[in-house]
Amino acid sequence: MKFFIGILFLLLPYIIDAKTIEVCGNCEVKTLKSAIELAENGDTILIKEGTYKEQDIHIIDKAIHIKGQGNPVIDGENKGTVISVRANNFTIEGLTITNVGRSYTKDFAAILISESTDFSIRNNTLENVFFGILLEKSSAGLIEGNTISSQAVSEASSGNGIHLWYSNEISIQNNNVRQMRDGIYIEFGDNCRVENNRATNNVRYGLHFMFSNYNEYHNNLFEENGAGVAVMFSKFITMTQNTFRKSWGDASYGLLLKEIYDSELKNNTFDQNTIGITADGASRVTYNQNTFTNNGYAIKVHGACYTNTFKENNFLHNAFDVGYSGRMNDNVFDNNYWSDYSGYDLDKDGIGDVPYRPVKLFSHIVNQTPEAIVLLRSLFIDIVDFSEKVSPIFTPKELIDQNPRMKKIAW
Amino acid sequence: MKTFFGLFIVFVLFASCSNQAEPINYGSDACHFCKMTIVSKTHSAQAVSAKGKQFKYDAIECMVNDLTTENNAEMAILLVANYLDAGNMIPAEKATYLVSENIPSPMGANLSATASNDDAKQLKTENGGELFEWNSLKDRDNNPNSHH
């Protein structure tokens, strides 16, 4: 029986003639709400140019396609959520949605999608929103080419640009998210792909994973966020070819890792961050072929980080290459290029003949007494670092790159 | 005038000696336990140790987890955000807590605090869930990862 219903459902768009409902100021149908009421499965609603003051628009159990033509604006007049959907197989495309209501206790969004599958949200512009696109318990969706922004600069009462909650298999591509709380937040979401997005000037994180496994993100730009990306309490995360830039400030990081396991970081660039990567409780993570330039710290390793490998990375002109708490080390540093390396290569095999110790005693001192940073680049500190290099006492003895490269590694 | 000035000095001395909770700087202070920036005025928490050290948390579950696992400092003040009055901190021991799937909290425990038992009951009627007192909360497992 279920099988037949399924077949019927598949054929539904063909059985019923799909029609197009036009919405405009002079049309028969003047509001999106009334168009949705008229629409049946498979129909297209074409919204023409103009401003529509509507909110609390509900799409329930209707597989419809909403398309904007000539950039129509839906103005939510700061009253709650603008469009909420609970349906399968639908599209929302080419709309501008502005002025979403704000609240401390309700997560009002421009587009709220709950318990839905098989949908795409494409090429929309969401301005002055609280939450932009909010997904709850949904799956198999595409979020592509949207521009999401808000005026919230340092306000904590801002929402997230794209927020996934208990949602799986979502593809997030080519979006531009700025001045939100978190640009993209994935909370309890598995098997999601985040590609080619720009997340800039967000108050907290550009991209944030929490309790989410088997996710990947590639080719994204994270610039001037509180922290570029935060991955917390998650496993099996693949991170490649991303750029993390200009996260400057007290609690600012390019990438914040907290309780993350079995993950991979490859071909990423960390440029001008207070701390490039901070890792706390990060284990079995491979850091291969990444480039760290002009950061305060390139990598800061806190407690409980085991069996990590750092291979073929470029460390260029960072104030500190590696910061380390504690004397235990279970992590491998090998074949990296360190711009601070002052050894020689007599056998000309491209690998320095003298091992390199990336943790300086001074970084240990700064860890204990942050004010000591004023002594940076003084002769005294050079002597302190040199003596520690000769006979390590405070820094982990085994933390050593036996094969430091003589030349920057191209990847 | 002089007496006023003297009183003022005494007042300042007293004020600087007492253990008071510093206001949380939302959007820039980081959680002591999970390192996340604190943004939620409805779910934050804070503690001040007997020696005056400030601990701030982005979520109540972070404070509970910190106090039951890593942090052994003796606390003089424990405060939690009142879910029904954003930004207002109330004593943790006197609050009533609601764990409801319909009210997500920053670290996934769905845990919120209210100032009174009546408030909590009202919130429970609206959203469903389970009520807790501070002590029962500490005995509970508040890590959502262990449920998965």
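In the hairpin of S1(B) and S2(B), four residues sit between the strands, and Gly52(B) takes a positive phi near 95 degrees. This is a predicted model, so take the geometry below as the model's own. From that hairpin we'll look at the strands around S1(B), then hop over to chain A for some parallel pairing and a couple of asparagines.

**Around S1 of chain B**

- Strand S1(B) covers residues 45-49, and four of those five are buried, so the rest of the structure largely encloses this strand.
- On the hairpin side, S1(B) runs antiparallel to S2(B), residues 54-57, and four bridges join the two.
- If you want a spot to click on there, Ala47(B) stands opposite Phe55(B) of S2(B).
- S1(B) also pairs with S3(B), residues 75-81, again in the antiparallel sense, this time over five bridges.
- For that pairing, look at Gln46(B), whose bridge partner in S3(B) is Leu79(B).
- A handy reminder when you inspect neighbouring positions: side chains in a regular strand alternate between the two faces of the sheet.

**Parallel strands in chain A**

- Strand S8(A), residues 90-93, is joined to S11(A), residues 117-122, by four bridges, and the two run parallel.
- Within that pair, Ile92(A) has Ile121(A) of S11(A) as its bridge partner.
- S11(A) also pairs with S14(A), residues 139-144, in the parallel sense, with five bridges between them.
- Ile121(A) turns up here too, standing opposite Ile143(A) in S14(A).
- Put together, Ile121(A) is matched with Ile92(A) in one pairing and with Ile143(A) in the other.

**Two asparagines with positive phi in chain A**

- Asn71(A) isn't a glycine, yet its phi is positive, near 55 degrees.
- You'll find Asn71(A) in the loop between strand S5 (65-68) and strand S6 (73-75) of chain A.
- Asn71(A) has 13 C-beta neighbours inside 10 Å, so it counts as partly exposed.
- Asn267(A) also has a positive phi, about 55 degrees, without being a glycine.
- Its loop links strand S28 (253-266) and strand S29 (269-271) of chain A.
- Asn267(A) is partly exposed as well, because 15 other C-beta atoms lie within 10 Å, while a buried residue would need 20 or more.

Methods:
Residues are numbered from 1 along each chain as its sequence is written. Chains are lettered from A and ligands numbered from 1 in the order in which they are written. This is a predicted model: local features need pLDDT of at least 70, side-chain atom pairs count only at pLDDT 80 or more; totals for chains, interfaces and linings use all residues. A residue is buried if 20 or more other C-beta atoms lie within 10 Å of its own, exposed if 12 or fewer, and partly exposed in between; C-beta atoms are placed from the backbone. Two strands pair if DSSP finds at least two bridges between them.
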